[in-house]
Amino acid sequence: RPGYAAELRIDAIAAGGAGVAREGGLVVFTPRTAPGDRVRALVTPAGRLAHGLLQEVLEPSPERVAPPCPHYVRDRCGGCQLQHLAYQAQGAAKRRLVRDALARIGRRSAVDVEPVTPSPAEWRYRRKLTLALRRRGRGWIAGLHAHDDPDAVFALEDCPITDARVVAVWRDVLAAAAWLPEDAAALRGAVRLLAPADAGVPASATFVLEGGRRWGAAERFFAEVPALAALWWAAEGRDPRLLHDRRGDAEPGASFVQVNPAVAALLADAVVDAALAHAPRTLVDAYAGAGDVALRLAGHGVRVTAIELDRDAAQRSAGLLPRAAESWAVRVEARPAAALPADGVVVNPPRGGLHERVTALLDAAAGAGAAPRALLYVSCNPATLARDLARLPAWQVRRVRPFDMFPQTAHVETLVELVPVDGAPPAPVAAPGAAPRSHPPESPA
């Protein structure tokens with residue numbers, strides 16, 4: 001029965017933020033609903049699943065609140081998914097998301113998931129905002145997509161989860177939009193705030209523009225937006241390249257920014273504490289970014305190998321780490337065995353998770369009794385985290401700690417501490433004074 005109306009009782013929140021209900025043998029996913037809601041929705045079946053389009057809240061859940069952002073209701077903004085949930089309820093939903101993924105995908109049903117570490121700020125925490133740019137007549141708009149229409153873009157007036165200084169820079173970007181690439185009708189841009197400005201000093205930011213093939217007025221655009229300290233451009237089909245820069249040498253490349261610095265600091269503290277609890281003499285920090293965690297561990301006397309594909313970030317890491325440490329600008333999966341053996345491993349992969357070569361190596365090492373003492377996995381995607389844990393049967397989960405890096409959204413960061421299964425001896429300790437390698441045996445093509 002395509003497109004029929006039904007009353008639904010919402011049981012939980014699914015990955016992506018939609019409410020979950022069961023109706024007529026179908027599992028129905030309905031965005032903008034809360035656990036405990038009784039709603040009327042237009043249900044469209046798709047196999048054993050169905051999509052629900054909310055029509056009316058018949059009986060609101062005690063966890064439902066009025067979303068404070070007008071775009072959330074008026075424009076059906078897809079940037080947030082959980083503004084209609086009280087903040088404590090958001091944490092409970094994210095904890096369940098992690099627990100369900102580990103049980104259903106990771107086959108780790110006995111694992112306890114700790115309560116979500118909340119963000120000190122529920123609003124105005126984001127230091128980076130990526131928007132779609134569209135020509136409208138002779139001008140441009142910058143905005144986000146509707147959650148139920150990914151092709152539609154509405155003009156953003158404000159974003160209450162984003163630092164107001166970032167929003168102000170975006171307004172300056174739009175004021176200079178006449179100098180954007182002349183051959184493009186659709187672009188994508190990202191503003192990120194640099195270190196907090198001193199009182200009375202305007203904040204500075206960087207801007208990454210994607211799209212277009214000709215940008216003869218890039219220098220004029222940069223001059224027209226004085227808040228920008230650096231400008232990157234990723235022309236159509238090409239990687240980003242730095243066009244203009246007045247930052248100095250303190251900042252890493254365009255790819256690295258702590259969207260929520262307060263929670264990022266809490267997460268980094270947890271990673272460092274968990275690693276040091278295993279008393280490592282050597283440690284591999286894979287997907288190391290700009291090397292902040294590696295630098296902290298090196299400060300405790302750990303000999304660190306930091307691996308990061310982004311060459312700018314790897315170069316910054318190499319310049320900060322002590323001489324006994326190493327910084328490799330390679331893909332982690334290119335030569336995963338090159339950095340082992342080590343007493344500890346930290347992995348912080350992108351949303352796609354670990355390459356199967358990496359999980360195969362780590363699991364084989366544990367099975368052969370040559371595993372690191374601990375594996376610390378930082379994940380931004382519960383589904384790929386769970387998949388990777390299913391590929392690591394020789395490792396047991398000791399602790400699972402979710403962090404609310406992105407309040408008002410369905411995203412959650414998770415730190416998992418793993419140790420070899422009982423009976424597997426720890427990895428051998430490196431000989432004192434062993435000479436470190438200055439570069440990996442082989443770099444990827």
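This report walks through two sheets, some backbone details, the cysteines and the cavities of one predicted model.

## Ground rules

In this predicted model, local features need pLDDT of at least 70 and side-chain atom pairs count only at pLDDT 80 or more, while totals for chains, interfaces and linings use all residues. Residues are numbered from 1 along each chain as its sequence is written, and side-chain values use heavy atoms, leaving out hydrogens and water.

Helices and strands are DSSP runs, numbered from the N terminus: helices are H or I with at least four residues, strands are E with at least two. Two strands pair if DSSP finds at least two bridges between them.

## The sheet from β9 to β13

Strands of a sheet pair through backbone hydrogen bonds, either parallel or antiparallel. One open sheet has seven strands, in the order β9-β8-β7-β10-β11-β12-β13, with mixed pairing. Its edge strands are β9 (149–155) and β13 (241–245), and each pairs on one side only. From one strand to the next, the twist averages 30°. The axes behind such angles are lines fitted to C-alpha atoms (for helices, over the stretch in contact), and angles run from 0 to 180 degrees between N-to-C directions.

Strand β7 (residues 128–136) has two partners to look at. With β10 (residues 186–193), β7 pairs in the antiparallel sense over seven bridges. There, Leu129 has Val191 of β10 as its bridge partner. With β8 (residues 139–146), β7 is again antiparallel, over five bridges. Arg134 is matched with Ile141 in β8, and Arg135 stands opposite Trp140 in β8. The hairpin of β7 and β8 has two residues between the strands, and Gly137 in this hairpin takes a positive phi near 65°.

## The sheet from β16 to β19

Another open sheet of seven strands runs β16-β15-β14-β17-β18-β20-β19, and its pairing is mixed. At the edges are β16 (326–328) and β19 (395–403), which each pair on one side only. The twist here averages 15° from one strand to the next.

Strand β15 (residues 303–307) runs parallel to β16, and three bridges join them. Ile307 has Trp328 as its bridge partner in β16.

## Backbone details in the loops

Three loops deserve a look. Between β16 and β17 (344–347), the loop contains Pro341. A cis peptide bond joins Leu340 to Pro341, with omega about 5°.

Two residues other than glycine have positive phi. Arg76 has phi near 55° and lies in the loop between α1 (70–74) and α2 (87–104). Tyr287 also has a positive phi, about 55°, and sits in the loop between β14 (282–286) and α6 (292–298).

Are these residues buried or exposed? Buried means under 20% relative accessible area, exposed over 50%, and partly exposed in between (1.4 Å probe, protein chains only). Arg76 is partly exposed, because its relative accessible area is 36%. Tyr287 is buried, because its value is 17%.

## Cysteines

A disulfide is a covalent bond between the sulfur atoms of two cysteines. Here, the test is a pair of cysteine sulfur atoms within 2.5 Å. A search of the whole structure finds zero disulfides. Cys77 is in none, and its nearest cysteine sulfur, that of Cys80, is 6.2 Å away. Why is Cys380 not bonded to its closest cysteine? The sulfur of Cys380 is 17 Å from that of Cys80, so the gap is too far for a bond.

Both residues count as buried: Cys77 has 9% relative accessibility, and Cys380 has 18%.

## Cavities

A cavity is a set of points on a 1 Å grid, over the protein atoms alone, where a 1.4 Å probe fits but cannot get out; lining residues have an atom within 4 Å of a point. Grid points are joined across faces, edges and corners, and volume is the space filled by probe spheres set on the points. Three cavities of 30 Å³ or more are found. The largest holds about 110 Å³.

Which elements give two or more residues to the lining of the largest cavity? They are β14, β17 and α8 (356–367). Helix α8 gives the most, with three residues. The lining includes Ile307, Leu340 and Val345. By class, the lining has twelve nonpolar, no polar and no charged residues. Nonpolar here covers Ala, Val, Leu, Ile, Met, Phe, Trp, Tyr, Cys and Pro; Asp, Glu, Lys and Arg are charged, and the others, Gly among them, are polar.

Methods:
On a 1 Å grid over the protein atoms alone, a cavity is a set of points where a 1.4 Å probe fits but cannot get out, and a pocket is an open set with protein on both sides within 12 Å along at least five of seven lines; lining residues have an atom within 4 Å of a point.
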